[in-house]
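Here are a few friendly notes to read alongside the model, mostly on confidence and on charged side chains. Please have the structure open as you go.

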Amino acid sequence: MARLTVHLSLGLGVAVALGGAGLAAAQGVKTAPAAAEAAQEKGVAVVLKQSKVVKGPQGKEQLVEAASVKPGDILEYTATYTNHTGRTVSGLVANLPIPEGLEYLPRSAKPGATLVKAATKEGVFAPEPLARQVNGKSEPVPYNEYRSLRWELGQLPAKGVTAVTARAKVEEVVPPAAPVAAAASAATAEPLKAPRAAP
């Protein structure tokens with residue numbers, strides 16, 4: 001069984017790392033051919049979708065294409081993992097960055113509870129709500145300082161499918177970024193387009 005870590009970069013594309021291969025999902029970083037080939041052999045596909053949450057005519061929430069956003073808009077990110085192999089993949093871990101300009105919405109990560117942990121830019125993961133020591137006292141970390149979510153998903157059975165989601169509010173519109181190269185066909189992904197400001 002292989003350990004699979006998937007790094008998703010909002011608005012920047014998808015990269016896959018196997019074990020501790022350390023394939024970066026940072027802006028401007030391209031996937032290494034060796035890591036991409038290794039990912040292809042494992043046969044786990046990742047699809048990342050970005051949607052805008054809006055109220056429908058009857059007041060019910062709907063998810064629509066997030067072609068443009070403005071401050072105050074709510075975005076939902078869904079990462080779906082499909083195991084195309086004939087064997088169980090163990091140690092599945094998903095990392096979802098929350099870029100500057102987005103504020104994570106409390107307890108919106110699903111599945112939540114014991115599976116998800118959050119981190120600030122320092123990268124120390126802990127269950128939410130995060131807290132820090134200031135002058136010897138513990139105080140809550142504001143949600144606009146959350147920069148990453150991590151799910152310890154465990155095993156994904158042969159031909160199995162699982163998904164994680166999280167929501168964030170647009171604080172300020174960031175300019176479009178160049179997409180990161182997707183990690184070969186093993187990480188079949190719909191590269192996200194960076195949100196554009198509404199006119």
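1. Let me start with a lysine that caught my eye: lysine 52 has a relative accessible area of 15%, so it counts as buried under the 20% cut-off. Do keep in mind that this is a predicted model.

2. Its partner is aspartate 73, and the closest N and O atoms of this salt bridge are 3.7 Å apart. Aspartate 73 is buried too, at 11% relative accessibility. Lysine 52 sits in strand 3 (residues 44-55) and aspartate 73 in the loop between strand 5 (68-69) and strand 6 (74-83), so the bridge ties together parts that are 21 residues apart in sequence. Lys70 also belongs here, in a salt-bridge network with Lys52 and Asp73.

3. Arginine 132 is worth a look as well. Its side chain meets glutamate 139 in a salt bridge at 3.6 Å, N to O, and glutamate 145 in another at 2.6 Å. The latter pair links distant parts of the chain, 13 residues apart: arginine 132 is in strand 10 (residues 131-134), glutamate 145 in the loop between strand 11 (137-140) and strand 12 (148-156).

4. How exposed are these side chains? Arginine 132 is partly exposed at 30%, as are glutamate 139 at 31% and glutamate 145 at 29%. The whole structure holds 6 salt bridges.

5. Finally, confidence: the mean pLDDT is 73, with 65% of residues at 70 or more. Residues 1-41 fall below 50, and this stretch has 110 contacts in the model beyond near neighbours in sequence. Residues 178-195 are also below 50, with 53 such contacts.

Terms used. Residues numbered from 1 in each chain as written. Predicted model: local features only at pLDDT ≥ 70, side-chain atom pairs only at ≥ 80, totals over all residues. Heavy atoms only, no water. pLDDT = per-residue confidence, 0-100. Contact = heavy atoms within 4.5 Å. Salt bridge = Lys/Arg side-chain N within 4 Å of Asp/Glu carboxyl O. Helix = DSSP H or I, 4+ residues; strand = E, 2+ residues; numbered from the N terminus. Buried < 20%, exposed > 50% of the residue type's maximum accessible area, 1.4 Å probe, protein only.
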